[in-house]
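Biologist: I should like a close look at a single part of this protein chain, set against the chain as a whole. Please take a buried loop position as the centre of the account, and bring in other parts where they help.

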Amino acid sequence: MITIPYLTALTTYFSYGLLFAFGQLRDFFRKIIDWWKASNLQGYAPICLGLEDFYTRRLYLRIQDCFGRPISSAPDAWIDVVERVSNDNNKTLKRTTKISKCLNLGSYNYLGFAAADEYCTPRAIETLKRFSPSTCSARVDGGTTILHTELEENVAKFVGKPAAIVFGMGYVTNSAVLPVLMGKGGLIISDSLNHNSIVNGARGSGATIRVFQHNTPSHLEKVLREQIAEGQPRTHRPWKKIFVIVEGIYSMEGELCKLPEIVAICKKYKAYVYLDEAHSIGAVGKSGRGVCELLGVDTADVDIMMGTFTKSFGSCGGYIAGSKELIQFLKHNCPAHLYATSISPPAAQQIISSIKVILGEDGSSRGAQKLARIRENSNFFRSELQKMGFEVLGDNDSPVMPIMLYNPAKIPAFSRECLRQNLAVVTVAFPATPLLLARARICISASHTREDLLKGLEVISRVGDLVGIKYFPAEPKKEQLEEGRVKLE
């Protein structure tokens, strides 16, 4: 639970209220002008009503230069950011030929595999030559290569499940699989801060959805107990099945799931556990096997394990791992498997190769070194940010660390000033987060050196002072403490 300082909350509400008031005023005059203009769409209903895109027009467009910045390099520790200009108050942005080399603190490249790798890259290139960039077919037609079957076997072995199925897109993995597994008469109990792909998948399933307070096992148990007692709406019949859906690391909070407690509660009430490990698989755990390994949970107690290849593995796509019966059912019923084009062969080879590096099957210890480095880098960076006085969310070992901004004016100020000082960061605001909880989301990589991290901390500290987002008093440095001791003596 985030406790917002009273004054910060007040000024944030005031800022949004001011933006809303002036936006509505401009919309009012816009309607008057449009009323006088002849329309060539007489009889057509508007595609977008005014209120539906109000946020986009009146708030987002003013700061859209902070989002979607094009890059012209691999998302390594340092990236080339293409600068853009606007001549119409940010309504449109035009690319320039100017490139800024920036320290990358925004990409999900947790283990550094997204850039050229001595083991993975040559194999991906060879696969590109042999299999082409795409299979141009769905899995059930001509889209299953030997790489796809090898990948599924490797994933199942890596996460500790009997079988797995892979998809070409991580977002689709949740949004397409949940409607296949759940339906009318089923109950989904979802963490209140679950990813949008889970939310849309749950909505599309037709099942009844209940939400429990973020990462609060006691409230989960309360919701479970109440829903089992009440049964289905109107009929009060027993639920056909119950899913509890959680994430390993929450992408906007950087928090680790309280998985041991949640698994114990689900066992008690005979509910299935669906674990989304998009941000945790490969990034945490002694051998990179995710939160189950990190928190000491037996994978047999997690019924459905979902993850993506877009973070730690430097590729694309997603997977579902579980029992052989479950995977066979999905292969016969899931539209993302039956109709969507299969994962690109070079992308599949990239995943296979990166898993081998992580496990040390490439004949080196680079995988273990990467895992140790991502853990050290994450904990060091988080600790230093907190010492500076920033409000940082999340847990130790998590490579995701949000820095709270709150006020809407501080979103573009922080982002633009960091870019001026050659630091690429991601800022996140409504609707991806609640209205009051805008933040900058820092993602740490194993490819970052200690010098890179110190450079990033220096810039963030400087910008934090300028923008005014150090909400806590900074801890005195060692040199200051020593000076104080000297003076006392």
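Modeller: The account below begins with the whole chain and then turns to the loop position, followed by a helical position and an annotated segment.

The model is predicted, and its protein chain holds 16 helices and 13 strands. The C-alpha trace extends over about 75 × 60 × 55 Å along its principal axes. The radius of gyration is 24 Å, which agrees with the value near 23 Å that a compact globule of 489 residues would have. Of these 489 residues, 50% count as buried. Among contacts between residues at least 6 apart in sequence, 70% join residues at least 24 apart. The accessible surface amounts to about 24,000 Å², and carbon and sulfur atoms account for 56% of that area. As for charge, the chain carries 58 positive and 48 negative side chains, with the centres of the two sets 5 Å apart.

The loop position chosen is Thr299, which is found between helix H9 (291–295) and strand S8 (304–308). Thr299 counts as buried because its relative accessibility is 18%, and the cut-off for that class is under 20%. Once neighbours within four places in sequence are set aside, the contacts of Thr299 are Val159, Gly160, Lys161, Cys292 and Met305. One of these partners, Cys292, has a number that falls within the range of helix H9 (291–295), while Met305 falls within that of strand S8 (304–308). Thr299 thus touches residues of both elements that flank its loop. A further reference point is Ile242, which is 57 residues from Thr299 in sequence; their C-alpha atoms are 19 Å apart in space.

A second buried position, in a helix, may be set beside the loop. Glu221 belongs to helix H7, which covers residues 217–230. With a relative accessibility of 18%, Glu221 also counts as buried. Leaving out residues up to four places away in sequence, Glu221 touches Ile265, Lys268 and Tyr269.

One segment carries an annotation from a record. An unreviewed UniProt entry places the feature "transmembrane region" at residues 6–25. In the model, residues 6–25 are 100% helix and 0% strand. The C-alpha atoms at the two ends of this segment are 29 Å apart.

Technical notes:
Residues numbered from 1 in each chain as written. Predicted model: local features only at pLDDT ≥ 70, side-chain atom pairs only at ≥ 80, totals over all residues. Heavy atoms only, no water. Helix = DSSP H or I, 4+ residues; strand = E, 2+ residues; numbered from the N terminus. Rg over C-alpha atoms; globule rule 2.2 N^0.38 Å. Buried < 20%, exposed > 50% of the residue type's maximum accessible area, 1.4 Å probe, protein only. Contact = heavy atoms within 4.5 Å. Areas by Shrake-Rupley, 256 points an atom, 1.4 Å probe, with all protein chains shown as cover. Lys, Arg positive; Asp, Glu negative; His and termini not counted. Charge placed at Lys NZ, Arg CZ, Asp CG, Glu CD. UniProt positions renumbered as here; feature names shortened; annotations may be inferred.
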